[in-house]
Amino acid sequence: ALNAVLVAAKDAPAEAAALALAGGVAMALAHEAPETFVASRACAVATRLIRSLCVRQADVVALCMEIVPSLDRRSTDELASDDIVLLSLSEAVLNPHARYLDHSSGASQAALLLQTLVSAPTAKFASVHKMIALVHANATAVLLANEHSRSIGGGQRCLALLHVVEAILLRYFVEDIRVRVAEKDLVDAWCDIVDSMAAVHSATLEHGRGGSEVFRRAISISVQFILRCTPDHVDAAVRRLFHQQQCLRFLASSSCSLQMTSSARNCVVLFYLDLMEHMVGQLQSNTLSTLVLPLAARYATAEALRAVGPQWFESAHALLLACLELATDPDWTAKGGRGKRSMECVVVLVPWYSDLLLDLYPDDGISADLLRIAFTTAVQAAAVAAADDSAPWGPGSDVFGAAVDGPGKKRKAAAVLAWDCVSKLMHKLDMFPALATENSEAKQSADAGRVGTAVRSVRRRELLCVLALQLSAVPLQMLPRLMTELRGRVLAEPEWATRKALADEVQQIVMDRADLARKPALASWAWQLRIDVNSSIGASKI
């Protein structure tokens, strides 16, 4: 039968039928063990026919989707090494106007065909890079269709594209697989892959658990790869991504209403907000200040919370928090001039972000827990900038006096900035005054006023806990001033339960959060505060 197939293959019009026959034999014998001569011969014949048909640009995708995954390893490697075969099948499957990816069974078979070829060790990166460009074009078509409310089989198409992307990532972007490809070429391909995932993000969120799982696997491999690259390549990749997705650059530089942005583009922004959170440590200060931070700032406001939703709001604050945490990382700040410039860029963010947090608390998306974490990190970022090993600063030093040199002026300005943030927190605290006496609540009528008073009392206690946490964050030279302020506010609380809870909170902070430089002073102060609080409460309530 195979000899008859070879005779029929010499006639061009009969090649497709010959391929169907040889492929049928190969599929029927694919699961035989050990491999027989007939099965090997059938795979070789099918491979020869596929290469011949691809050279003549015949439409054999439907046959190949059935046959290629059943071929033996030798035949698959031979097909994958042929640039014409790989590009011909890729263009046929990934054409945005093709119908192979529109149906569930067809999409999965087409994705399996490309996965089989890409996973072969003989596939050349140049050909795979062209396939990545086709995936990117297809994903962009999905994005434009979703943006204009047109359907091109988005769910199944996106799932198939993600499976192909995952196969490419596993072949070329995993650390323990050594591929002889320059890092710059891999980063260029990575940009197209990541932008493809961003383009199908909205459809993936709607598709369900199956799509989201393959999406998470693909993004995990992508992040692990880019974090292993050199900082210059990472920074160049981020700039290219902002160039490819013009909506990112537009939103970072304009003040238009977020309601004008389509839901599909907002999903693209959400993807990049989550991605940039992992990459900020390798970006240059110019990229941070002109692209990343302005984009995050647009989605960290109350307007974004109302216009697009809490996911974008939370991702933007996570990105801003990641930037602030960099300034508190000794390894990052020790990177010479580049680390110092980036730290200065982040410190500039501190006054705006601390104001934003206090404005949004408690009614516009900022909870007490988020305020504790984010506000303390902002103050710590300013405190790190205020650290000066060459100046004899200690607890009680006058940071408001004239600095001796230029660097000293910058560091003293950072210390004043940290205290300014704490002062704003105390001003916010004063907006929730304490009750005049412990019996004042009983004198109110049992109506909404009582509920409002209870709510204000809770908010005041939350803000006092945030203020206490600043004991572990403020610069050392500001610590005595904060201890004096906090002690007066704790002892002035009318409710004995609040005073006791705050004393417990302070003691916990001293034990768990205070560094060695401030722990001795804080330990004796916290002990005296505990004695004063117990004396004010009385022995019967301790």
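**Exercise 1. Work out whether Phe225 is buried or exposed, then describe its ring pair with Phe173.**

Step 1. Phe225 has a relative accessible area of 6%, so it is buried (buried means under 20% relative accessible area, exposed over 50%, partly exposed in between, with a 1.4 Å probe and protein chains only). Before going on, note that this is a predicted model, where local features need pLDDT of at least 70, side-chain atom pairs count only at pLDDT 80 or more, and totals for chains, interfaces and linings use all residues. Residues are numbered from 1 along each chain as its sequence is written, and side-chain values use heavy atoms, leaving out hydrogens and water.

Step 2. Phe173 is buried too, at 1% relative accessibility.

Step 3. Now the rings: the count of aromatic pairs is 5 (ring centres of Phe, Tyr or the six-membered ring of Trp within 6.5 Å; planes under 30 degrees apart are stacked, over 60 edge-to-face, the rest tilted). Phe173 and Phe225 form an edge-to-face pair, with 4.8 Å centre to centre and 85° between the planes.

Step 4. Phe173 lies in the loop between α9 (154-172) and α10 (183-199) and Phe225 in helix α12 (residues 209-228), so the pair ties together parts 52 residues apart in sequence (helices are DSSP runs of H or I with at least four residues, numbered from the N terminus).

**Exercise 2. Describe the pair of Phe215 and Phe271.**

Step 1. Their rings are edge-to-face, 5.8 Å centre to centre with 70° between the planes.

Step 2. Phe215 sits in helix α12 and Phe271 in helix α15 (residues 263-279), 56 residues apart.

Step 3. Phe215 is buried at 9%, and Phe271 is buried at 4%.

Technical notes: Helices (H or I, at least four residues) and strands (E, at least two) are DSSP runs, numbered from the N terminus.
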